[in-house]
Structures are given as structure tokens and as C-alpha cells.
Amino acid sequence: MDGWYYHLANMKRFLEITDERLRRRIRCIWKVWKKPKIRVENLVKCGIEEHQAYMWDNTLIGYWRIAGSPIQHCAIINPNLKKAGFLA
């Protein structure tokens, strides 16, 4: 039983890391929006200005890096998704 409290102390950080990864994985909605026109339309629905949506649509970085980008942190959040009609 030596050191069992250490695992409990690490649980908070473990849950934070898991939460970060799950949220980032959910933000991979970008992969579902395959066509550029659809991406721009959906970003605009989520509250991003049209010229910014075009800039981010034409990026060549991968899905995982896009999911960690500032534009995704601003656009793909629950209130914006609900307002755009993506959540029930």
C-alpha cells in the first residue's frame, strides 16, 4: 500500500490531460467538413468572419494541428455549435 496517495494526487492531472485530448478530438469536426465550401459555410455559421474562414480553409496543415488552432478554439465551442444548429 506504499504510495497509493501518489496515484490519487496524479488523478487531477490525468483528468485534465484526458479532457484536453477529448476536446481536441471533438474539434476534429474539420475532417467531417470535407469540402472547402462546406468548411467556410460552417465556420461562418459558428461566428467566424468570412475572410478568416477562407484563410483557415486554405491551410495545408493536418486535422490534428487544425484542431489545436486558435480559430477552432474560437469557433468550435458548444454555444456556437448550438447557434449554428449542430447540437440538439
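Helices H3 and H4 are oblique to each other, because their angle is not under 35 degrees (roughly parallel), over 145 (roughly antiparallel) or 65 to 115 (roughly perpendicular). The angle is about 140 degrees, and the axes lie 9 Å apart; axes here are lines fitted to C-alpha atoms over the stretch in contact, with angles from 0 to 180 degrees between N-to-C directions. H3 covers residues 36-45 and H4 residues 50-57, helices being DSSP runs (H or I, at least four residues) numbered from the N terminus.

This is a predicted model, where local features need pLDDT of at least 70, side-chain atom pairs count only at pLDDT 80 or more, and totals for chains, interfaces and linings use all residues. Residues are numbered from 1 along each chain as its sequence is written, and side-chain values use heavy atoms, without hydrogens or water.

Now the interface. From H3, Pro36, Arg39, Val40, Leu43 and Val44 meet Glu50, Ala53, Tyr54 and Asp57 of H4, contact meaning heavy atoms within 4.5 Å.

Take Arg39. Is Arg39 buried or exposed? Arg39 counts as buried because its relative accessibility is 11%, and buried means under 20% relative accessible area with a 1.4 Å probe, protein chains only. Beyond neighbours within four places in sequence, Arg39 touches Trp30, Trp33, Lys34, Asp57 and Tyr63.

Next, Leu43. With the same neighbours left aside, Leu43 contacts Trp30, Trp33, Ile48, Ala53 and Ala75. Leu43 is also among the residues touching the most other members of the largest nonpolar core, which has 14 residues. Such a core is a set of buried Ala, Val, Leu, Ile, Met, Phe, Trp, Tyr and Cys residues joined through side-chain atoms within 4.5 Å.

Terms used: Helix = DSSP H or I, 4+ residues; strand = E, 2+ residues; numbered from the N terminus. Buried < 20%, exposed > 50% of the residue type's maximum accessible area, 1.4 Å probe, protein only.
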